[in-house]
Amino acid sequence: MKNDVIHVRVSNELKENVESILSDLGITLSYAINIYLKQIESKRGIPFDVVLPSKEKAFEIETMAEALNLTGGKEVSNYANKIISLYAQDFIDYETAVFALGRNL
């Protein structure tokens, strides 16, 4: 039985962005947090590496951020957001992300 409540302070923007992504996946924020906690329990630690990025990865992230800034504050397409999200989650590498974004221009 689930009785405990966890209060976490996050920015409204982060919460809305995450809820939107999770909605696309068909799950709630509460369910996603439960998955995360179960993974911590199962792995007996955080279920992903918590490290500073390498200089190469930091350069890629900075380059991607600069490319996004070139939009001049305009809304980025859903397609571009999905590509960026895949890259940010390490599902695709930098070169694939740049290629995919370039195809959509």
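Along the sequence, the protein chain reads α-α-α-α-α. The model is predicted. Five helices and zero strands are assigned. The radius of gyration of the protein chain is 17 Å, well over the 13 Å that the globule rule gives for 105 residues, so the chain is more spread out than a compact globule. The C-alpha trace spans about 50 × 30 × 25 Å along its principal axes.

Burial and contact range were examined next. Of the 105 residues in the protein chain, 12% are buried. Contacts between residues at least 6 apart in sequence were also sorted by separation; 29% of them join residues at least 24 apart. The exposed surface of the protein chain amounts to about 9,300 Å². Carbon and sulfur atoms supply 57% of that area. The chain carries 11 positive and 15 negative charges. The mean positions of these two sets lie 6 Å apart.

In soluble globular proteins, nonpolar side chains tend to be buried together. In the present model, the largest nonpolar core holds ten residues. Its members are M64, A80, I83, I84, Y87, I92, Y94, A97, A100 and L101. Helices α4 (78-88) and α5 (94-103) each supply at least two residues of this core.

I83 is one of the core residues and lies in helix α4. Its relative accessibility is 9%, so I83 counts as buried, the cut-off being under 20%. Beyond its neighbours within four places in sequence, I83 is in contact with I92, A97, A100 and L101. These four partners are themselves listed in the core. For the pair I83 and A100, the C-alpha atoms are separated by 7.1 Å. The two residues are 17 apart along the chain.

I92 belongs to the core as well. With residues up to four places away in sequence left out, I92 touches I83, L86, Y87 and A97. The contact between I83 and I92 thus appears in the list for either residue. Y87 and A97, also touched by I92, are further members of the core.

Helix α4 also includes A88. In contrast to the buried I83, A88 counts as exposed, at 62% relative accessibility. The C-alpha atoms of A88 and M64 are separated by 9.9 Å. Along the chain, A88 and M64 are 24 residues apart. M64 is a member of the largest nonpolar core.

Two loop residues stand out by backbone geometry. R44 has a positive phi of about 60 degrees, although R44 is not a glycine. R44 lies in the loop between α2 (29-43) and α3 (55-69). With a relative accessible area of 77%, R44 is exposed, because the cut-off for that class is over 50%. D90 likewise has a positive phi, near 65 degrees, in a residue other than glycine. D90 is placed in the loop between α4 and α5. At 53% relative accessibility, D90 counts as exposed.

Taken together, the loop between α4 and α5 holds the exposed residue D90, while the two helices on either side of this loop each supply at least two residues of the largest nonpolar core. The contacts of I83, in α4, include A97 and A100. The overall picture is an all-helical pattern of α-α-α-α-α, with 12% of residues buried and a chain more spread out than a compact globule.

Conventions. Residues numbered from 1 in each chain as written. Predicted model: local features only at pLDDT ≥ 70, side-chain atom pairs only at ≥ 80, totals over all residues. Heavy atoms only, no water. Helix = DSSP H or I, 4+ residues; strand = E, 2+ residues; numbered from the N terminus. Rg over C-alpha atoms; globule rule 2.2 N^0.38 Å. Buried < 20%, exposed > 50% of the residue type's maximum accessible area, 1.4 Å probe, protein only. Contact = heavy atoms within 4.5 Å. Areas by Shrake-Rupley, 256 points an atom, 1.4 Å probe, with all protein chains shown as cover. Lys, Arg positive; Asp, Glu negative; His and termini not counted. Charge placed at Lys NZ, Arg CZ, Asp CG, Glu CD. Core = buried A, V, L, I, M, F, W, Y, C linked by side-chain atoms within 4.5 Å.
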